[in-house]
Amino acid sequence: MKGNVELIIDGKRLDGRKPLEMREVEMKVNVVRNADGSAYVRFGKTIAIAAVYGPTILLPKHLQEDKLLVKVRYSMLPFSVDERKSPGHDRRSIELSKVIKNALAPAIMLDEYPRAVLKVYVEIIQADGSTRVTGTNAASLALAMAGVPMKDLVTACSVGKINDTIVLDLNGIEDNNSQADMAFAMMPSKNRVTLWQMDGQLTKEEIKKMIKIASDACKKLYDMQKKAIRGAFK
Amino acid sequence: MIRKIVLPGEYLEEQRGRKLGTGVYKEGTKVFSAVLGTPKISDTEISVIPLAGKYIPKVNNMVIGVIKDVEITGWVVDINAPYMAYLPLSEGVKEFVDIKKVDLSQFYDIGDWIYCQIFKVPRNKIVQLSMKAENARKLEGGVIVKITPYKIPRLIGKGGSMIKIISEKTKTTIIPGQNGLVWVKGKDVEKAIKAIELIEKESYIYGLTEKVTRLLEK
């Protein structure tokens, strides 16, 4: 069925956006009082909350390494999707935890805290596509607020192909019916990619074009992230 | 008015032979901020003072810790860092102690708060403490307040000015540990804590001393 659903009518997507238009983005920091750092990020109807605890002592001792261990737990709340999702860790959330961890790890200065652990919790409270990138953005903001030494903030966005058109920031319906979709994260001021995941079929030219679109969008999101952090100190 | 705030990855300046302090890293000759904080750029050093973050133990820091365990030849101390610290018997007690006869809990027991100095931090961060510093002691009574470690210098103020104001106006004794724990004991502890919390919350603004003075005079 993929690619057969009419998702673009008269050059506009079902929610009225142009192909390269993002949904409304909202970012807030320090939303969880008990965490060392936290953030709330909303991409349209997708909402993620991230909280960071640590670095703290890593136990049991045999897990300790010469560098900081980063643990990420991504999870979706039961009411985040249309049909109730059974709570707890499943195959998908284990995979996405790893994906988010790998997207963040290149930016964190792991050597600063040997033998310690940093715990990052990403909760999706409402899901409408692109949850992993929304979670990554929230986690990166939360890390900065927790005072974790980082080379740069990590910014993420999604790009996809629907009805033979390349679109930015896929929502739920588009995600489910896309011909291809790509999750992309980068350190914008360093111009380095930390996550590039793709699913579907694309030509070489299309991939190049999508990376360009994604990196431009990430730079815009980067400005929003900076604004959100600075906004907390006014 | 607020101080300038930099974010991780933000370009600060060219190094030009200057020393790199905390919270920064370099790529080639360019210096970037590694943390969220306020930059401190002088002719000799570039650093960023973090606005948040956990305490990283450093040699000679005076810290406040709580005894977590009493072992045969020393004490395990929690110093509000990602690592437990160890206070060996030789550094903890001045006189000779025969460990076969004496129980070490008579000096420091589990739950006791101590003000001590960090004297050794090896690469693997097995921190060792010492009670041999002049003002190191066991903290009897009082209240412990936890703030961001990097805000302790703001609490102390230039030449100890800020802490002196709070101490005098509230008639309390305040001992700030560089690990972010502050010990308060005296008459108006509640007001002193309020002042400390104000410093923690608004450390990035100019004219903080006046604001604290106003709070204390209320």
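## Strands 6 and 7 of chain A and their crossover

In this predicted model, Met76(A) stands opposite Ile124(A), a residue of strand 7 of chain A. Strand 6 and strand 7 of chain A run parallel and are joined by 8 bridges. Between strand 6 and strand 7 of chain A the chain passes through helix 1 of chain A, and the β-α-β crossover that results is left-handed. Strands of a sheet pair through backbone hydrogen bonds, and this pairing may be parallel or antiparallel.

## Helix 1 of chain A

Helix 1 of chain A comprises 14 residues, 91–104, and reaches 20 Å from its first C-alpha to its last, close to the 20 Å expected at 1.5 Å a residue. Its buried residues are Leu96(A), Ser97(A), Val99(A), Ile100(A), Ala103(A) and Leu104(A). Viewed down the axis of helix 1 of chain A, these buried residues fall within an arc of 165°, and they therefore line one face of the helix. An α-helix has 3.6 residues a turn, so residues three or four places apart point the same way. On the other side of helix 1 of chain A, Arg91(A), Glu95(A) and Lys98(A) are exposed.

The buried residues of helix 1 of chain A pack against both strands of the crossover, strand 6 (69–76) and strand 7 (116–126). They also pack against helix 2 (131–145), strand 8 (155–162), strand 10 (180–187) and strand 11 (192–200) of chain A.

## Helix 4 of chain A

Helix 4 of chain A, residues 204–231, has 28 residues that should span 40 Å at 1.5 Å a residue, and its end C-alpha atoms are indeed 40 Å apart. The buried residues of helix 4 of chain A include Met210(A), Ile213(A), Ala214(A), Ala217(A), Cys218(A) and Leu221(A); also among them are Tyr222(A), Gln225(A), Lys226(A), Ala228(A) and Ile229(A).

The partners against which the buried residues of helix 4 of chain A pack are strand 3 (25–29), helix 2, strand 8, strand 9 (165–168) and strand 10 of chain A. Helix 2, strand 8 and strand 10 of chain A are also among the elements against which the buried residues of helix 1 of chain A pack.

## The loop between strands 5 and 6 of chain A

Two residues of the loop between strand 5 and strand 6 of chain A can be set side by side, Leu58(A) and Lys61(A). Leu58(A) counts as buried because it has 22 C-beta neighbours inside 10 Å, where 20 or more are required. Lys61(A), by contrast, is exposed, with 8 other C-beta atoms within 10 Å, the cut-off for exposure being 12 or fewer.

Leaving aside neighbours within four places in sequence, Leu58(A) is in contact with Leu63(A), Gln64(A), Leu69(A), Arg115(A), Ala116(A) and Val117(A). The C-alpha atoms of Leu58(A) and Val29(A), which are 29 residues apart along the chain, are separated by 26 Å. For Lys61(A) and Arg17(A), which are 44 residues apart along the chain, the C-alpha separation is 52 Å.

## Chain A as a whole

Chain A has 4 helices and 11 strands, and 47% of its 234 residues count as buried. Its radius of gyration is 18 Å, which agrees with the value near 17 Å that a compact globule of 234 residues would have. Along the principal axes, the C-alpha trace of chain A spans about 55 × 40 × 40 Å. Of the contacts in chain A between residues at least 6 apart in sequence, 69% join residues at least 24 apart.

## Chain B and its open sheet

Chain B has 5 helices and 15 strands, and 35% of its 218 residues count as buried. The C-alpha atoms of chain B fill a box of roughly 60 × 50 × 25 Å along the principal axes. Among contacts in chain B between residues at least 6 apart in sequence, 57% join residues at least 24 apart.

In chain B, 3 strands form an open sheet in the order 2-6-5, with mixed pairing. Strand 2 (19–20) and strand 5 (37–41) of chain B stand at the edges, each with a single partner strand, so one side of each is left without a neighbour in the sheet. Strand 5 and strand 6 (residues 45–50) of chain B pair in the antiparallel sense over 5 bridges, and Ile41(B) has Ile46(B) of strand 6 as its bridge partner.

## The contact between the chains

The contact takes 27 residues from chain A and 20 residues from chain B. On the side of chain A that touches chain B, the elements giving two or more residues are strand 5, helix 2 and helix 4 of chain A. Strand 5 of chain A gives the most to this side, with 4 residues.

Technical notes
Residues numbered from 1 in each chain as written. Chains lettered and ligands numbered in written order. Predicted model: local features only at pLDDT ≥ 70, side-chain atom pairs only at ≥ 80, totals over all residues. Rg over C-alpha atoms; globule rule 2.2 N^0.38 Å. Contact = placed C-beta atoms within 7 Å. Expected span 1.5 Å × (residues − 1). Arc of directions from axis to C-beta. Pairing = 2+ DSSP bridges. Right-handed = clockwise from strand over helix to strand, strands pointing away.
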